[in-house]
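Reader: I would like to learn how to read a fold of this kind step by step. Could we begin with the strands and then move on to the interior?

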Amino acid sequence: MELRVEYGSEAVEVVVRGPQGSREVERIVALLQSGSDKLWALDEERQTVAVSPNSILWAETVEDKTFVYTRGAMYQAACSLAALELRWEGAGLFRCGKSVVVNLNAVQSLRSRPGGRIEAALESGERIVISRRYAPALREKLLKG
């Protein structure tokens, strides 16, 4: 499998070799592609800006609106949490609650909580709770690497 990404007049070529249909190869390719992929969202001044999926720490839905949080800003996205998760799962986005997605690459530590929940401490200092419904999927994902 070969991947070509162009940045203006320059191009970067990456060759990824692995078994056909390998989940790991798909994850690596998705991670490489996410660097050139952008989420278009509204900033606090209602201007449309490009947000890199790698900069997303977490996202939530409040009153049918999706909000994306980065280290220094909050944006309103036009897509659903399901769309965010599906599109950038390879970049680390993981559904951790009915209305919350977290970027596992931004998690610094995990702590078990009562009721089968898990608390994730993010690099920004924020804490996100992984509900007991999604905790088994997280444990499985961590075990698989």
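Reader: How many bridges join strand β3 to β4, and in which direction do the two run?

Author: Bear in mind from the outset that this is a predicted model. Strand pairing is read from the bridges between strands, and here β3 (residues 39-42) and β4, which run antiparallel, are joined by 4 bridges. One of the residue pairs to look for is leucine 39 with its bridge partner in β4, valine 51.

Reader: What is the order of the strands in the open sheet, and which strands stand at its edges?

Author: An open sheet is read from one edge strand to the other, and in this case the order of its 7 strands is β4-β3-β7-β6-β5-β9-β8, with antiparallel pairing. The edges are occupied by β4 (48-51) and β8, and because each has a single partner strand, one side of each lacks a neighbour in the sheet. From one strand to the next, the twist averages 35 degrees.

Reader: Which strands does helix α2 lie across?

Author: A helix is placed by asking which strands it crosses and at what angle; helix α2 (residues 81-88) lies across β3, β5 (58-62), β6, β8 and β9, and runs at about 145 degrees to β8. In the chain as a whole there are 3 helices and 12 strands.

Reader: Which residues of the largest nonpolar core touch the most other members?

Author: The general idea is that in soluble globular proteins nonpolar side chains tend to be buried together. In this structure the largest nonpolar core has 17 residues, of which Trp58, Cys96, Val102, Leu122, Ile128 and Ile130 touch the most other members. The elements giving two or more residues to this core are β6 (65-69), β8 (93-97), β9 (100-103), β11 (118-122), β12 (127-130) and α3 (135-144), with the largest share, 3 residues, coming from β11. There is also a second, separate core of 14 residues, including Leu39, Ala59, Leu84 and Ala91.

Reader: Is cysteine 96 buried or exposed, and what is it in contact with beyond its neighbours within four places in sequence?

Author: Burial is judged from relative accessible area, and cysteine 96, at 0%, is buried, because the class takes in residues under 20%. Leaving aside those neighbours within four places in sequence, cysteine 96 is in contact with Val101, Val102, Ile128, Val129, Ile130, Ser131 and Tyr134. Cysteine 79, by comparison, counts as partly exposed at 23% relative accessibility.

Reader: How many disulfides are counted?

Author: A disulfide is assigned from the distance between cysteine sulfur atoms, for which the cut-off is 2.5 Å, and the count here comes to 0.

Note on methods
Residues are numbered from 1 along each chain as its sequence is written. This is a predicted model: local features need pLDDT of at least 70, side-chain atom pairs count only at pLDDT 80 or more; totals for chains, interfaces and linings use all residues. Side-chain values use heavy atoms; hydrogens and water are left out. A nonpolar core is a set of buried Ala, Val, Leu, Ile, Met, Phe, Trp, Tyr and Cys residues joined through side-chain atoms within 4.5 Å. Buried means under 20% relative accessible area, exposed over 50%, partly exposed in between (1.4 Å probe, protein chains only). Contact means heavy atoms within 4.5 Å. Two strands pair if DSSP finds at least two bridges between them. Axes are lines fitted to C-alpha atoms, for helices over the stretch in contact, and angles run from 0 to 180 degrees between N-to-C directions.
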